[in-house]
Amino acid sequence: MSTSGDGFLRDIWYFAVPSSALKPGEVMAKTLLGEPVVLARQADGKPYALRDICPHRGIPLSDGRMVGDEVECCYHGWRFNCEGTCTLIPSITTEQDFDSTRIKVRNYPLIERHGGLWIFMGRPDAKNTTAGLPAPGLPEIPDFADKPNISVSMDFPCHIDHAVIGLMDPAHGPYVHKSIFWRDEKSMHDKAKDFGPSPFGFAMKRHPPSKNAAAYKILGGGIFTEIRFRLPGVRVEHIEAGRYHLCNLTCVTPIGPMQTEVHHMVYWTMPWLTPLKPLLVPFVKRFLGQDRDVVVKQQRGLAFNPQLMLINDSDIQAKWYFRLKKSYDAWRKDGGDFDNPVRDTVLRWRS
Ligand code: FES
Ligand SMILES: [Fe+2]
């Protein structure tokens with residue numbers, strides 16, 4: 001199985017950190033899915049990721065530094081290149097015949113795209129490679145979404161599953177996001193939206209947005225929105241406003257069993273929106289903070305390990321998420337075609 005007891009999906013790409021968090025010539029320690037990872041960036045900008053444990057005596061490589069394009073361990077100066085191959089052991093004399101390149105530290109496939117570093121987290125016991133199996137590519141994010149105009153990252157003190165289903169939940173808006181900028185209970189009304197399968201996930205098909213969504217109003221008329229979710233926890237909302245585009249990208253990454261990072265990026269092509277950025281950043285932080293605060297409260301109840309419910313139709317997306325995870329596990333284990341459990345359907349709820 002690709003998920004182990006921790007419930008984390010493996011053999012899949014996760015959003016690791018925003019690009020801006022890692023400067024050329026720097027190393028950075030990061031725990032992802034409970035694994036210690038060191039992220040490094042060469043002088044030419046190329047990033048790479050290795051297991052953050054020196055194979056010599058176990059000290060984190062992230063306590064060392066970059067020397068040229070290699071990571072140097074702070075304890076005895078062993079150096080590792082972007083493939084994780086040991087290129088230098090300073091204590092070896094010229095007469096001693098020892099091939100350091102036989103020593104390797106685990107390397108993680110890493111790709112930089114849409115202003116973020118994406119890491120492929122394979123199974124811990126297997127070769128960490130996207131080769132061999134038909135690994136899915138990265139999420140399809142619109143081309144214009146190159147460098148985020150806004151990037152906000154937040155820690156959620158919960159398992160990834162609660163962060164994902166909390167963020168996709170269509171019924172919490174009027175209660176959790178009570179705000180003059182958004183909706184309240186008085187504006188609640190019946191909704192019916194078309195959904196269908198999309199690669200490794202599902203989509204709320206392209207439609208004009210809800211009339212009571214004040215935040216959309218500032219974008220002007222002729223608006224359409226499409227929302228896609230895909231494993232392991234990536235939500236892409238693409239809004240078209242006439243000839244302009246706006247994309248909200250939300251990526252959920254497990255740090256540990258009870259710690260999850262939520263990264264939210266906003267990209268747009270409207271030039272007139274850019275001067276409003278100082279107003280929009282606090283809005284995004286506040287919005288995401290409301291989702292985090294409710295998760296913090298939820299943990300006080302979950303501590304008693306209660307039975308939970310998923311009801312129709314407002315929790316059907318959450319049901320799909322769990323089914324998709326199972327399908328993905330089976331597909332990575334058995335091969336064949338990925339069996340997407342989602343079918344074309346209309347979901348109805350009030351919000
Ligand atoms: S512990 Fe890293 S070089 Fe010795
Ligand atoms: Fe929310």
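This passage describes the iron site, the aromatic pairs and the internal spaces of a predicted model.

A good place to begin is the metal. The iron ion (ligand 2) is held by H172 and H177, each through NE2, and by D291, which contributes two OD donors, with distances of 2.0 to 2.7 Å. The angles among the four donor atoms run from 53 to 148°, and the geometry of the site is irregular. Along the chain, the donors of the iron ion (ligand 2) are spaced as H-x4-H-x113-D. H172 sits in the loop between α1 and α2 (173-176), whereas D291 belongs to helix α4, so this pair ties together parts of the chain that are 119 residues apart in sequence. Both H172 and D291 are buried.

Aromatic contacts come next, and the count here is 16 aromatic pairs. One of them joins F200 to Y328 in an edge-to-face arrangement, with 5.8 Å from centre to centre and 70° between the planes. Because F200 is placed in the loop between β13 (190-198) and β14 (201-207) and Y328 in helix α5, the pair ties together parts that are 128 residues apart in sequence. F200 has a relative accessibility of 14% and therefore counts as buried. Y328, at 0% relative accessibility, counts as buried too. Y328 also forms an edge-to-face pair with F338, at 6.3 Å centre to centre and with 65° between the planes. Here the link runs from Y328 in helix α5 to F338 in the loop between α5 and β19 (345-350), 10 residues apart. Elsewhere, ring pairs connect F195, F202, F229, W320, Y321, F322 and W349 into a cluster.

The open spaces of the model can be introduced through the second largest pocket, which has a volume of about 500 Å³. Its lining comprises 23 residues, and those closest to the centre of the pocket are H162, I165, D169, Q298 and L310. Two or more lining residues come from each of α1 (160-168), α4 (277-302) and α5 (316-334). Of the contributors to this pocket, α1 gives the most, with six residues. By residue class, the lining of the second largest pocket holds 14 nonpolar, five polar and four charged residues.

Turning to enclosed space, the model has four cavities of 30 Å³ or more. The largest cavity contains about 80 Å³ of space. Around the largest cavity lie P139, E140, S198, P199, R228, F229, R230, V234 and V236. The elements that supply two or more of these lining residues are β15 (223-230) and β16 (234-241), and β15 gives the most, with three. Five residues in the lining of the largest cavity are nonpolar, one is polar and three are charged.

The second largest cavity holds about 60 Å³. Its lining is made up of A163, V164, L167, M168, F229, G233, V234, R235, T250 and V252. At least two residues of this lining come from each of α1, β16 and β17 (244-256), with α1 giving the most, at four residues. The lining of the second largest cavity divides into seven nonpolar residues, two polar and one charged. Helix α1 thus gives the most residues both to the second largest pocket and to the second largest cavity. F229 recurs as well, in the lining of the largest cavity, in that of the second largest cavity and in the aromatic cluster.

Note on methods. Residues are numbered from 1 along each chain as its sequence is written. Chains are lettered from A and ligands numbered from 1 in the order in which they are written. This is a predicted model: local features need pLDDT of at least 70, side-chain atom pairs count only at pLDDT 80 or more; totals for chains, interfaces and linings use all residues. Side-chain values use heavy atoms; hydrogens and water are left out. On a 1 Å grid over the protein atoms alone, a cavity is a set of points where a 1.4 Å probe fits but cannot get out, and a pocket is an open set with protein on both sides within 12 Å along at least five of seven lines; lining residues have an atom within 4 Å of a point. Grid points are joined across faces, edges and corners, and a volume is the space filled by probe spheres set on the points. Ala, Val, Leu, Ile, Met, Phe, Trp, Tyr, Cys and Pro count as nonpolar, Asp, Glu, Lys and Arg as charged, and the others, Gly among them, as polar. Donors are N, O and S atoms within 2.8 Å of the metal (3.2 Å for Na, K and Ca); water is not among the atoms, so sites may look incomplete. Four donors count as tetrahedral if all angles lie between 85 and 135 degrees; four count as square planar and six as octahedral if opposite donors are over 155 degrees apart and all others between 65 and 115; anything else is irregular. Buried means under 20% relative accessible area, exposed over 50%, partly exposed in between (1.4 Å probe, protein chains only). Rings of Phe, Tyr and Trp (its six-membered ring) pair if their centres lie within 6.5 Å; planes under 30 degrees apart count as stacked, over 60 as edge-to-face and the rest as tilted.
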